[in-house]
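Student: I would like a close look at a single part of this model. Please take one residue, say where it sits and what surrounds it, and then work outwards to the rest of the chain.

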Amino acid sequence: MPKRFMKRYMPTPEKIRSIKALHFLGDILHEPNLWHINRHGIARGFLIGIFLCFIPMPFQMVAAALCAIWLNANLPLSVALVWISNPLTMPPMFYFNYKVGAWLLDHPVVDYRFELSVSWIKESLVDIGIPLYFGSLIIATISSCACYLLIQFLWRRRVRSSWEERRQRRLKQDSH
């Protein structure tokens, strides 16, 4: 079951308290709901992590942690899911986001050559940046909302099937 798997690898509150680099946050990280595994916390964690993994920005993990604290989501899951966008997956993800943004804005897809210079960035920022961020927001919103709803649905389905299994076992025991 995923809940047991997640509990096995999540840090304990005691371990978090022992990390001296996090002491400046005070008691914020000791909120139990940030670490608890329940339907709402996990679904919100997916919502945050999936949304931010599709947004091209630096410090995605910091943004995920702050959003998890603000929305009372599962903190480790929110932070871990932003790693879906990693150096290997970023180019195809962001190129797809750019193409979606260009298509939705009816903007021609620019066939460009990347140069690491300030002048190229200034020239390309509007041509590439606007469709990229618009497409990223659209894809991030659709993906994160779909994951949120899917987690809610699957969790409820699992709980209902567990109840039904218990009910069937009880009926079987009572009939013997």
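Tutor: Ser78 is a residue of helix 5, which spans residues 75–81. The model is predicted, and the description of Ser78 should be read with that in mind. Ser78 has a relative accessibility of 0% and therefore counts as buried, the cut-off being under 20%. Its side chain has a polar partner in the backbone: a polar atom of the Ser78 side chain lies 2.9 Å from the backbone oxygen of Asn74. Setting aside neighbours within four places in sequence, Ser78 is in contact with Gly45, Ile48, Gly49, Ala64, Ala68 and Ala73. Helix 3 covers residues 39–53, and Gly45, Ile48 and Gly49 from the contact list of Ser78 have numbers inside that range. Helix 4 covers residues 60–71, a range that takes in Ala64 and Ala68, also contacts of Ser78.

Next come the loops on either side of helix 4. Phe59 belongs to the loop between helix 3 and helix 4. Its phi is near 60°, a positive value in a residue other than glycine. At 66% relative accessibility, Phe59 counts as exposed. Asn72 lies in the loop between helix 4 and helix 5. Asn72 is not a glycine either, yet it has a positive phi of about 60°. With a relative accessible area of 26%, Asn72 is partly exposed.

On the other side of helix 5, Ser85 sits in the loop between helix 5 and helix 6. What is the accessibility of Ser85? Ser85 counts as buried, at 2% relative accessibility. A polar atom of its side chain is 3.1 Å from the backbone oxygen of Val82. Not counting residues up to four places away in sequence, Ser85 touches Cys53, Gln60, Met90 and Met93. Of these, Gln60 is 25 residues from Ser85 in sequence, while the two C-alpha atoms are 9.4 Å apart in space.

One of the residues that Ser85 touches, Cys53, leads to the question of disulfides. How many disulfides does the structure hold? The number is zero. A disulfide is a covalent bond between the sulfur atoms of two cysteines. For Cys53, the closest cysteine sulfur is in Cys147, 8.4 Å away, which is too far for a bond because the cut-off is 2.5 Å. Cys53 itself is buried, with a relative accessible area of 0%. Another cysteine, Cys67, counts as partly exposed at 26% relative accessibility.

Helix 6 runs over residues 90–104 and supplies the aromatic pair. The count of aromatic pairs comes to one. That pair is Tyr95 and Tyr98, with 6.4 Å centre to centre and 35° between the planes, and it is tilted. The distance qualifies because ring centres must lie within 6.5 Å, and the angle falls between the limits of 30 and 60 degrees. Tyr95 and Tyr98 are three residues apart in helix 6, so they are separated by about one helical turn. Their accessibilities place them in separate classes: Tyr95 is partly exposed, with a relative accessible area of 43%, whereas Tyr98 is buried at 2%. Lys99 is also in helix 6. Lys99 has a relative accessibility of 38% and counts as partly exposed. Its C-alpha atom is 6.7 Å from that of Val109, and the two residues are 10 apart along the chain.

The last step is the whole chain. The chain has seven helices and zero strands, in the pattern α-α-α-α-α-α-α along the sequence. Of its 176 residues, 32% count as buried. Ser78, at 0% relative accessibility, is a buried residue. Among contacts between residues at least 6 apart in sequence, 73% join residues at least 24 apart. The accessible surface comes to about 12,300 Å², and carbon and sulfur atoms account for 66% of that surface.

As for confidence, the mean pLDDT of the chain is 82, and 78% of the residues reach 70 or more. Among the elements, helix 3 has the highest mean pLDDT, 92, and helix 1 (residues 2–9) the lowest, 64. Where pLDDT is low, the predicted coordinates should not be read in detail.

Notes: Residues are numbered from 1 along each chain as its sequence is written. This is a predicted model: local features need pLDDT of at least 70, side-chain atom pairs count only at pLDDT 80 or more; totals for chains, interfaces and linings use all residues. Side-chain values use heavy atoms; hydrogens and water are left out. Rings of Phe, Tyr and Trp (its six-membered ring) pair if their centres lie within 6.5 Å; planes under 30 degrees apart count as stacked, over 60 as edge-to-face and the rest as tilted. Helices (H or I, at least four residues) and strands (E, at least two) are DSSP runs, numbered from the N terminus. Buried means under 20% relative accessible area, exposed over 50%, partly exposed in between (1.4 Å probe, protein chains only). Contact means heavy atoms within 4.5 Å. Accessible areas come from the Shrake-Rupley method with a 1.4 Å probe; for residues, only the protein chains shown count as cover. A polar contact is a pair of N or O atoms within 3.5 Å; within protein, one must be able to donate a hydrogen and the other to accept it, and residues adjacent in sequence count only if both atoms are side-chain atoms. pLDDT is the predictor's confidence in each residue, from 0 to 100.
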